[in-house]
Amino acid sequence: MSSLQFDIAHLLAGSLVLASFMMLYQDRLYSLLNVYALHAGVLALSVAWQAYVQHAPHLYVTAVIALVFKAIIIPVALHRIIKQLGIHREIENVIGIGLTMMAGIGLVALSMVVMLRVTPGADALAREDLAFALSVVLLGLLIMVTRRNAVSQVVGFMSLENGLVLAATGAKGMPLVVEISVAFSVLIAFIVIGIFLFRIRERFDSVDVQALDRFRGERR
């Protein structure tokens, strides 16, 4: 691999981590969905570049799936769900944005230290891609635990899955049948989550998980 190819792969994987931080910073649902679409678009570019570098044509299918489903269909569908349900557009955080961003920086540093130490025998690109992928996964988890809105937690889960795809492609790819099954599993999970959001909104008039916890406490 040439130095330029390595630098471009490094830039795209790092851009995915940067997009995760942008998602972590957002305080409005529409902007969060827009950044998630960017997140998925960067993932598609990264996977396509890995397909070129690794001479793995099947990874182009993964890139197309990420671009069509994750960067276009799912964000558009979530925009419509938010509009139809009349969900409160501002995102309520468990802790402040400043503390959340500092926690994110700590998780990225932890990912780098852990992955670079446990993969000394791997090639440089795979090691750094796995470190970036773990960072994206942990930042996705952080988005899920620091948000009170169910929709933003769903977005956090989907960004976490983007990190898993980056890890799989960085580790010399995975079988095409696995990639397609994972993509359709995520799509089915998204459909089920959308149905549940409609049902929750009809029953409780809110998708704020704190409000649902209060209702559960009152029932007890």
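**Exercises on a predicted helical chain**

Val64, Leu67, Val68, Ile72, Ile73 and Val76 together form a nonpolar patch on the surface, with about 460 Å² of accessible area. The model is predicted, so that local features need pLDDT of at least 70 and side-chain atom pairs count only at pLDDT 80 or more, while totals for chains, interfaces and linings use all residues. Residues are numbered from 1 along each chain as its sequence is written, and side-chain values use heavy atoms, with hydrogens and water left out.

**Exercise 1.** Place Val64 in the patch and classify its accessibility.

Solution. Start with the patch rule, which takes residues with over 30% relative accessible area and no salt bridge (a side-chain nitrogen of Lys or Arg within 4 Å of a carboxyl oxygen of Asp or Glu), and joins nonpolar side chains (Val, Leu, Ile, Met, Phe, Trp, Tyr) within 5 Å. Areas come from the Shrake-Rupley method with a 1.4 Å probe, and for residues only the protein chains shown count as cover. Next, locate Val64 in helix H3, where helices are DSSP runs (H or I) of at least four residues, numbered from the N terminus. Finally, apply the classes: buried is under 20% relative accessible area, exposed is over 50%, and partly exposed lies in between. Val64 has 49% relative accessibility and therefore counts as partly exposed.

**Exercise 2.** Describe the largest nonpolar core and the elements that supply it.

Solution. A nonpolar core is a set of buried Ala, Val, Leu, Ile, Met, Phe, Trp, Tyr and Cys residues joined through side-chain atoms within 4.5 Å. The largest one has 42 residues, of which Leu78 and Val155 touch the most other members. Two or more residues each come from helices H1 (3-25), H2 (29-54), H3 (58-85), H4 (97-118), H5 (124-146) and H6 (150-170), and H2 gives the largest share, 10 residues.

**Exercise 3.** Determine how the rings of Trp49 and Tyr52 are arranged.

Solution. Rings of Phe, Tyr and Trp (its six-membered ring) pair if their centres lie within 6.5 Å, and planes under 30 degrees apart count as stacked, over 60 as edge-to-face and the rest as tilted. This rule yields one aromatic pair. The centres of the Trp49 and Tyr52 rings are 5.2 Å apart and their planes stand at 40°, so the pair is tilted. Both residues lie in helix H2, three residues apart, about one turn of the helix.

**Exercise 4.** Is Ser152 buried or exposed, and which residues does Ser152 touch?

Solution. Ser152, found in helix H6, is buried at 0% relative accessibility. Contact means heavy atoms within 4.5 Å; leaving aside residues up to four places away in sequence, Ser152 touches Leu29, Leu32, Ile91, Ile143 and Arg147.

Methods. Buried means under 20% relative accessible area, exposed over 50%, partly exposed in between (1.4 Å probe, protein chains only). Patches are made of residues with over 30% relative accessible area and no salt bridge: like charges are joined within 9 Å, nonpolar side chains (Val, Leu, Ile, Met, Phe, Trp, Tyr) within 5 Å.
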